[in-house]
Amino acid sequence: MTAQPIAPAPDTDFDDAAFVAAAGGDWSDVADEIVRLKEERVAINMGPQHPSTHGVLRLILELDGETVTETRVGIGYLHSGIEKTMEFRTWTQGTALTTRMDYVASMCNELTYVLAVEKLLGLTDEIPERAVTIRVLIAELTRVASHLIAVGTGGNELGGTTLMTVGFREREEILRFFEMVTGQRMNNAYMRIGGVSQDLPPDALAFLRGAYPRILRGVGDLEDLLMKNPIYRGRLVGNAYLDLTGCIALGITGPMLRATGLPFDVRRAIPYCGYETFEFDVITETTSDAWGRFMVRMREIRESMRIVAQCIERLEGTPGPVMVADGHVAWPSQLSIGPDGQGQSPEHVREVLSGSMESLIHHFKLVTEGFRVPAGQVFVQTEHPKGTQGVHAVSDGGTHPYRLHVREASFNNLQATAALCDGGTVSDVIIGLASIDPVLGGVDR
Amino acid sequence: MADGIEGKAPSFMLGSVAKLVGALRAGSTWPVTMGLACCAIEMMAAGTARFDLSRFGMEVFRASPRQADLMIVSGRLSHKMAPVVRRVYDQMADPKWVLSMGACACTGGVFNNYAIVQGCDHVVPVDIYLPGCPPRPEMLIHAILELHQQIKAEPLGPDRAKVARAVEQAALNALAPGETARPVQLNGAPV
């Protein structure tokens with residue numbers, strides 16, 4: 001087809017605009033126009049089903065060539081109305097919803113929630129020691145599992161599938177323990193207000209002792225793959241930089257903040273669950289870049305495993321109940337494994353039914369209606385694998401929360417996306433995002 | 001659906017060809033990465049060493065819907081995400097299948113509220129439902145193997161079109177609670 005002359009512009013108002021007829025045209029005019037405008041900007045949409053956005057995050061990137069000039073974050077694609085739904089469920093049922101917020105670190109969410117409700121109830125000091133130690137053990141193993149996923153999927157997004165398979169392999173060891181203790185691999189709803197839902201099975205600690213060296217060996221594999229890999233190092237060092245001032249201004253917490261050199265860890269700053277009695281170091285790096293964040297996570301895994309070892313020793317010497325003694329709050333169930341799966345143990349059902357009528361009525365009311373929580377409000381924070389997690393619980397004296405808000409670290413940390421990615425290349429956006437490690441279930445709730 | 005050479009062949013010829021094609025299709029189902037929430041982590045776990053989905057020829061999760069023929073809707077589907085899922089489904093080339101993974105994708109699960117679509121079958125036609133919160137990776141593998149059986153038995157060409165049409169008509173005729181008759185017709189054709 002021969003080149004057609006450019007059709008005259010239909011409206012003289014557009015004389016200044018570049019006009020190229022669909023039938024063809026002189027491409028030198030188009031090139032001249034780009035030269036005249038001195039810019040070449042493209043807006044691209046990344047997500048919400050892009051495999052490297054940690055779930056259903058949507059990024060709107062403005063590019064000048066290969067350079068990102070502006071990053072906008074679109075969230076809400078996984079909004080599940082969890083906080084609102086909790087207002088229509090009893091306080092006990094709340095754990096089943098909090099566990100599904102940041103689903104990679106389920107039981108850390110539950111811990112913050114139950115600590116908040118226990119503070120409202122004034123029960124904080126009455127939780128049995130064994131229950132507290134089990135909570136610490138479970139929370140630290142959850143932290144290890146979460147960091148393994150953060151490092152593994154982060155590596156996968158950079159093209160290192162082996163990092164993911166190694167990370168998931170070690171996570172499976174932890175999930176086997178969780179399944180043994182809670183009956184579920186994920187979304188455990190194991191923490192109960194007043195304690196935990198059931199004691200550790202008799203062989204659980206022996207299993208964990210056996211798995212312990214295997215997990216550490218796998219973490220060593222991951223460290224070798226990560227720290228000694230020149231490609232990985234080249235991509236991460238000096239990339240996605242955000243210093244202490246920026247972190248504080250944006251409300252960033254967790255490994256991102258500690259990678260700037262500030263040793264802020266809620267477990268040390270505002271201890272809960274007796275963390276002040278455990279020996280562990282708050283890990284910091286001083287590089288403030290993506291490399292530092294991954295290093296903090298890898299080294300925190302080892303610190304968490306130190307706490308796990310101390311928990312195992314303590315639990316072996318601490319028998320006792322795992323639920324608060326107060327019968328107004330303590331969840332009246334004892335689970336066992338029957339021929340048709342896990343359920344109420346027949347002995348417990350027999351005991352409840354053969355007791356007094358008042359006791360049976362109380363049991364029924366507690367399970368169907370729930371217990372009442374004194375009116376008031378509390379804010380409790382814990383160290384979640386992603387950062388500082390806070391729960392603001394408000395009670396009007398009823399059996400349901402009046403309002404419950406969760407400060408998810410993922411949500412606040414995601415604010416840093418533009419600061420990390422602007423001015424870098426498109427490929428570095430993935431690194432910036434992976435170093436934040438957001439989980440969209442936690443961001444959107 | 002009957003656009004290819006299979007559209008020209010008479011039904012009796014398609015019978016044995018369908019078996020062969022079904023076996024080939026079942027052996028190379030490539031899933032699209034449609035991870036939404038918790039179930040997506042279990043879906044990823046199914047692809048890693050301990051469960052090893054690659055034993056069934058589908059370890060490669062395609063990021064592009066154009067290269068995939070199985071959509072695993074894994075997790076809760078919010079109203080904001082629903083159009084995206086539908087668009088990804090529409091971009092997949094026929095023949096395609098949908099696996100609804102997890103309680104939320106099947107029925108809305110614990111999220112009986114304003115934010116979550118009460119079952120992804122409101123948005124895409126589901127071939128197999130996999131309950132659980134989340135289902136174990138073994139359960140996902142089992143569901144995929146069951147789907148393979150369905151794919152193998154699936155008719156081809158005009159037969160497939162006929163079946164799809166009958167299914168769609170049955171869905172249109174389905175009665176809501178309290179309804180006695182529903183005079184909806186597919187494309188205005190007499191029922």
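In chain A, G338(A) stands opposite G341(A), a residue of strand 7 of chain A. Strand 7 covers residues 341-344 and pairs with strand 6, residues 335-338, in the antiparallel sense over four bridges. The connection from strand 6 of chain A to strand 7 of chain A is a hairpin through two residues. The model described here is a predicted one.

A second antiparallel pair in chain A is formed by strand 2 (residues 58-64) and strand 3 (residues 67-74), with seven bridges between them. The hairpin of strand 2 and strand 3 of chain A also has two residues between the strands, and G65(A) takes a positive phi near 70° there. Within this pair, E62(A) stands opposite E70(A) of strand 3 of chain A. The side chain of E62(A) also meets that of R72(A) in a salt bridge, at 3.4 Å from N to O. Because E62(A) lies in strand 2 of chain A and R72(A) in strand 3 of chain A, the pair ties together parts that are ten residues apart in sequence. Over all chains, a search of the whole structure finds 32 salt bridges.

The strand pairs of chain A and one from chain B are set out below.

| Strands | Sense | Bridges |
|---|---|---|
| Strand 2 (residues 58-64) and strand 3 (residues 67-74) of chain A | antiparallel | seven bridges |
| Strand 6 (residues 335-338) and strand 7 (residues 341-344) of chain A | antiparallel | four bridges |
| Strand 3 (residues 97-101) and strand 4 of chain B | parallel | three bridges |

Away from the strands of chain A, D437(A) has a positive phi of about 55° although it is not a glycine. D437(A) sits in the loop that lies between helix 17 (426-436) and helix 18 (440-444) of chain A.

Chain B holds an open sheet of four strands in the order 1-2-3-4, with parallel pairing. Strand 1 (31-32) and strand 4 of chain B are the edge strands, each pairing on one side only. Strand 3 of chain B is joined to strand 4 of chain B by three bridges. One residue of this pairing is M101(B), whose bridge partner in strand 4 of chain B is L130(B). The loop between strand 4 and helix 5 (137-152) of chain B contains P134(B). The peptide bond from C133(B) to P134(B) is cis, with omega near -15°.

The next topic is the interface of the two chains. Contacts involve 30 residues of chain B and 36 residues of chain A. The area buried between chain B and chain A is about 2,900 Å², and carbon and sulfur atoms give 60% of this area. I41(B), R50(B) and R76(B) supply 19% of the area that chain B buries against chain A, more than any other three residues.

Three salt bridges are counted between chain B and chain A. One salt bridge joins the side chains of R136(B) and E179(A), at 2.1 Å from N to O. Across the interface of chain B and chain A, eleven residue pairs are in polar contact, with both residues at pLDDT 80 or more. Helix 2 (38-47) and helix 3 (82-91) of chain B each supply at least two residues of the side of chain B that touches chain A. Helix 2 of chain B gives the most to this side, with five residues. By class, the side of chain B that touches chain A has 20 nonpolar, five polar and five charged residues.

The confidence values can be read chain by chain. Chain A has a mean pLDDT of 85, and 90% of its residues reach 70 or more. Over residues 20-25 of chain A the pLDDT is below 50, and beyond near neighbours in sequence this stretch has five contacts in the model. For chain B the mean pLDDT is 80, and 79% of its residues reach 70 or more. Among the elements of chain B, the lowest mean pLDDT, 71, belongs to helix 6 (residues 157-173), and the highest, 91, to strand 4 (residues 128-130).

Note on methods: Residues are numbered from 1 along each chain as its sequence is written. Chains are lettered from A and ligands numbered from 1 in the order in which they are written. Side-chain values use heavy atoms; hydrogens and water are left out. Contact means heavy atoms within 4.5 Å. Buried area is the accessible area (1.4 Å probe) that two parts lose on being put together, summed over both. A salt bridge is a side-chain nitrogen of Lys or Arg within 4 Å of a carboxyl oxygen of Asp or Glu. A polar contact is a pair of N or O atoms within 3.5 Å; within protein, one must be able to donate a hydrogen and the other to accept it, and residues adjacent in sequence count only if both atoms are side-chain atoms. Ala, Val, Leu, Ile, Met, Phe, Trp, Tyr, Cys and Pro count as nonpolar, Asp, Glu, Lys and Arg as charged, and the others, Gly among them, as polar. Two strands pair if DSSP finds at least two bridges between them. pLDDT is the predictor's confidence in each residue, from 0 to 100.
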